[in-house]
Amino acid sequence: MKRYLLLLPLILFGAVAVMLAVGLTLNSSQVNSPLVGKPAPDFQAPSLHTPERSVQLSDLNGQVALVNIWASWCTSCRQEHPYLMALSEQGIPIYGIDYKDERSKALAWLEQYGNAYQAVAFDAHGRVGMDWGVYGVPETYVIDRKGVIRHKHIGAITAHSLREQLQPLLAELRRESGSR
Amino acid sequence: MIMARSVFMMLPFVFAVAIASAAGAASTLYRFDDPDQAQRFQALTEQLRCLVCQGESIADSNADLAKDLRSQVHEMILAGHSNQQIMQFMTDRYGDFILYKPPFVPRTYFLWAGPLLLLILASVAMIKYVGRTRRDTQAIGLQQDERARLSRLLGESKEPKTDRTQK
């Protein structure tokens, strides 16, 4: 009858194949955060090092900064830690949120692997983590000068993600409006 | 129609919950002021996905995050928050993915309408196909001379061989 109808199965197959291909290459363990593009959630938690002081969002003070959620019990945090150290040495301010951890263990961990953080908020019960939409540790948020979350990195930072995502984004954000 | 469709889409989900609660989900730890609150708690936690395990609701999962989220729902219910406020709290932080039942927004139009579209497409295709086959069958009907020949053949069935050689 109509010639083009003969192509229909092929077209349908193509459509299904494309959808499956996209579905298979998506990483389902990385859920897009609704917080990207929005102002970082305010938080206030006792400092890991000096419990009587608190660490809060305003400490970021208009800097291009990273907020890194970590814990001493988290093995992939150990993997990414050298990259955080490197970023810190490059002058990127990194703020830590120590997620559901024990203070003594966390302090010992920083002693052993080095402290890449300007300040660490001690989030004993994961309250801050919940406000930030944390569902696994480590997670790293890139914050711009206006305090807006520009990127969420889920899982350990790798050499690849550092080179391909974080470094270019940080450089761009630092260029965005003068130097500070 | 919409009702029927959403029920259909929820079927696997309802089933999973039934299995898990048969296995004994860890939701008995929470105390409420009245049975209504407990029932809301059960309903809400069954509608929220555990982002760590993804295949389980926070009512069923034993992941740390699921426990935290259960406590959060518990607290919010006791504090008098509405179901909608609680769901909003969750999606604000974790996104629509935390909802087992996706919202009807532009991004999910295709998801929701897909099954109906497919049904319509398939129905149209079937109606066309059946119509065509019927027309074809009618066209196969015998012409006048063929009919005459048929009755001749049936009448002269004593000498079928002649007919065959003539062909």
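**View 1. Confidence along chain B of the predicted model.** In this predicted model, chain B has a mean pLDDT of 79, with 75% of its residues at 70 or more. Of the elements of chain B, helix 4 of chain B carries the highest mean pLDDT, 94, and helix 1 (residues 2-22) of chain B the lowest, 43. The pLDDT stays below 50 over residues 10-28 of chain B. Beyond near neighbours in sequence, that stretch makes 12 contacts in the model. Where pLDDT is low, predicted coordinates should not be read in detail. For the complex, the predictor reports an ipTM of 0.81 and a pTM of 0.74.

**View 2. The helices of chain B.** Seven helices and zero strands constitute the secondary structure of chain B. Read from the N terminus, the order of elements in chain B is α-α-α-α-α-α-α. Chain B has 167 residues, of which 17% are buried. Among the contacts in chain B with a separation of 6 or more, 46% join residues 24 or more positions apart.

**View 3. The side of chain B that touches chain A.** The contact between the two chains draws 12 residues from chain A and 13 residues from chain B. On the chain B side, helix 3 (64-78) and helix 4 (83-94) of chain B are the elements that give two or more residues. Helix 4 of chain B supplies the largest share of this side, four residues. By class, the side of chain B that touches chain A comprises five nonpolar, four polar and four charged residues. Helix 4 of chain B, the element with the largest share of this side, is also the element of chain B with the highest mean pLDDT.

**View 4. The open sheet of chain A.** Five strands of chain A form an open sheet in the order 5-4-3-6-7, and their pairing is mixed. Strand 5 (119-123) and strand 7 (149-154) of chain A are the edge strands, each pairing on one side only. From one strand to the next, the twist averages 20°.

**View 5. The pairing of strands 3 and 6 in chain A.** Strands of a sheet pair through backbone hydrogen bonds, in either a parallel or an antiparallel sense. Strand 3 (residues 65-70) and strand 6 (residues 139-143) of chain A pair in the antiparallel sense, over five bridges. One of the residues involved is A:Ala65, whose bridge partner in strand 6 of chain A is A:Ile143. In the strand order of the sheet, 5-4-3-6-7, strands 3 and 6 of chain A stand side by side.

How values were computed:
Residues numbered from 1 in each chain as written. Chains lettered and ligands numbered in written order. Predicted model: local features only at pLDDT ≥ 70, side-chain atom pairs only at ≥ 80, totals over all residues. Buried ≥ 20, exposed ≤ 12 C-beta atoms within 10 Å, placed from the backbone. Contact = placed C-beta atoms within 7 Å. Pairing = 2+ DSSP bridges. Axes fitted to C-alpha atoms, helices over the stretch in contact; angles between N-to-C directions. Nonpolar A, V, L, I, M, F, W, Y, C, P; charged D, E, K, R; others polar. pLDDT = per-residue confidence, 0-100.
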